[in-house]
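Hello,

I am passing on the structure we spoke about, and below it I have written out what was found, so that you can follow along with the model open beside the text.

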Amino acid sequence: MDQNPLFSPYQLGRLMLPNRMIMALMTRGRANPDGTPNSLMAQYYSQRATAGLIVTEATPVSRKAIGWVGAPGIYTDTHVSGWSGVTDSVHRAGGRIFLQLWHMGRVSHPDFLMIVDGFEVLRIHGKPGDPDLPPLIIFHAFRLNR
Ligand SMILES: Cc1cc2nc3c(=O)[nH]c(=O)nc-3n(C[C@H](O)[C@H](O)[C@H](O)COP(=O)(O)O)c2cc1C
């Protein structure tokens with residue numbers, strides 16, 4: 001084993017990490033406007049493939065989960081195919097990569113939530129970030145095709 005434990009391998013489930021450096025999860029805001037991961041992201045992550053493990057930026061799991069501009073999503077087939085480009089690229093460079101699944105919850109800005117699956121948000125209950133409230137966005141909604 002190397003003198004420095006940071007450079008020694010670590011068995012993580014079925015994955016053997018060649019070292020113990022795990023890349024911090026960092027939002028980059030470089031996805032396409034519809035949230036599709038692109039070649040710039042594939043380049044960014046594959047350049048970091050020598051980390052023991054890469055964990056991606058926070059990735060919204062639904063249209064209702066978005067919290068900032070440029071975030072990649074993982075809730076459409078196009079997103080999944082964009083992510084495949086990223087993971088293929090990292091694997092080709094010899095790396096390992098996990099995706100951080102994310103829901104912004106009630107601290108998201110209402111602008112991101114105005115149109116949600118054919119519903120329009122009328123009012124979000126509670127104050128964003130209030131620790132006494134459950135981590136859910138609760139909203140009154142009505143169908144847009146009135
Ligand atoms: C630009 C930037 C983007 C970040 N994006 C995420 C993110 O997407 N998901 C997450 O869990 N943490 C995110 N973080 C938090 C980092 O992963 C890390 O936990 C945090 O910076 C703590 O390390 P520090 O105290 O040395 O800054 C982000 C941090 C920075 C500086």
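The ligand in this predicted model is surrounded by Ala24, Leu25, Met26, Thr27, Glu57, Ala58 and Gln100. Sorted by class, this shell holds 4 nonpolar, 2 polar and 1 charged residues.

To place those residues, it helps to step back to the chain as a whole. The protein has 2 helices and 8 strands, and if you read along the sequence you will meet them in the pattern β-β-β-α-β-α-β-β-β-β. Of its 146 residues, 24% count as buried, and among the contacts with a separation of 6 or more, 64% are made by residues 24 or more positions apart.

Next comes the sheet. An open sheet is formed by 3 strands in the order β3-β4-β5, and the pairing in it is parallel. Its edge strands are β3 (22-23) and β5, each of which pairs on one side only. As general background, the strands of a sheet pair through backbone hydrogen bonds, either parallel or antiparallel.

You can check each pairing in turn. Between β3 and β4 there are 2 bridges, in the parallel sense, and here Met23 has Ile54 of β4 as its bridge partner. On the other side, β4 (residues 53-60) runs parallel to β5 (residues 97-102) and is joined to it by 5 bridges, with Val55 standing opposite Phe98 in β5. The path from β4 to β5 also involves a helix, since β4, helix α2 (residues 77-92) and β5 make a right-handed β-α-β unit.

Which residues touch the most other members of the largest nonpolar core? This core has 17 residues, and those with the most such neighbours are Met41, Tyr45, Ile54, Val86 and Val90. The elements that give two or more residues to the core are α1 (39-46), α2 and β5, and α1 gives the most, with 4 residues. More generally, nonpolar side chains in soluble globular proteins tend to be buried together.

Ile54 is a good residue on which to end, as it appears both in the sheet, as the bridge partner of Met23, and among the core residues just listed. If its neighbours within four places in sequence are left aside, Ile54 is in contact with Met23, Tyr45, Arg48, Val90, Gly95, Arg96 and Ile97. Of these, Tyr45 and Val90 are also on the list of core residues that touch the most other members.

Best wishes

Methods: Residues numbered from 1 in each chain as written. Predicted model: local features only at pLDDT ≥ 70, side-chain atom pairs only at ≥ 80, totals over all residues. Near = placed C-beta within 6 Å. Nonpolar A, V, L, I, M, F, W, Y, C, P; charged D, E, K, R; others polar. Pairing = 2+ DSSP bridges. Right-handed = clockwise from strand over helix to strand, strands pointing away. Core = buried A, V, L, I, M, F, W, Y, C linked by C-beta atoms within 7 Å. Buried ≥ 20, exposed ≤ 12 C-beta atoms within 10 Å, placed from the backbone. Contact = placed C-beta atoms within 7 Å.
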